[in-house]
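Please walk me through this structure, beginning with the order of its secondary structure elements and then turning to helix packing and the contacts of its rings.

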Amino acid sequence: YVSLDTAGKVKYHPDSNRVALLRSLVDAGLAGRILLGMDIGRKSDCHIGAGGLGHDWLLKRYIPRLREEGFTEDLINQFLVENPQRWLAF
């Protein structure tokens with residue numbers, strides 16, 4: 001499995017790079033091994049207080065971007081539901 005996290009954190013990379021990497025992994029036949037995450041664990045990452053991205057950013061901003069970029073609902077369901085279920089079933 002590979003976890004692609006830090007979505008929305010442009011200080012590391014723009015999301016356009018993350019989307020391109022995700023597309024490359026899918027095109028390589030690895031969609032069944034991809035997990036998505038945010039890497040949010042500090043108070044400064046939350047909406048309340050420091051004005052960070054917030055815990056909902058992945059679902060409210062990044063997933064719609066993936067849809068706009070042509071990722072299907074089946075792929076998105078794999079990333080968010082099916083792959084984590086398999087990974088956590090170890």
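Read from its start, the chain runs through the pattern β-α-β-α-α, which amounts to three helices and two strands, where helices (H or I, at least four residues) and strands (E, at least two) are DSSP runs numbered from the N terminus. The model is predicted, so that local features need pLDDT of at least 70 and side-chain atom pairs count only at pLDDT 80 or more, while totals for chains, interfaces and linings use all residues. Residues are numbered from 1 along each chain as its sequence is written, and side-chain values use heavy atoms, with hydrogens and water left out.

Of the 90 residues of the chain, 36% are buried, meaning under 20% relative accessible area with a 1.4 Å probe, protein chains only. Among contacts (heavy atoms within 4.5 Å) between residues at least 6 apart in sequence, 60% join residues at least 24 apart.

Helix α1 (residues 15–27) packs against helix α2 (residues 57–68) at an angle of about 60°, with the axes 11 Å apart; the axes are lines fitted to C-alpha atoms over the stretch in contact, and angles run from 0 to 180 degrees between N-to-C directions. In this packing, Asp15, Ser16, Arg18, Val19 and Leu22 of α1 meet Trp57, Tyr62, Arg65 and Leu66 of α2.

Two arginines sit over rings, a term that requires NZ of Lys or CZ of Arg within 6 Å of the ring centre and within 35 degrees of the ring normal. Arginine 23 lies over the face of phenylalanine 71, 4.0 Å from the ring centre, and the charged end of arginine 33 is placed over the ring of tyrosine 1, at 4.7 Å from its centre.

Methods
Buried < 20%, exposed > 50% of the residue type's maximum accessible area, 1.4 Å probe, protein only.
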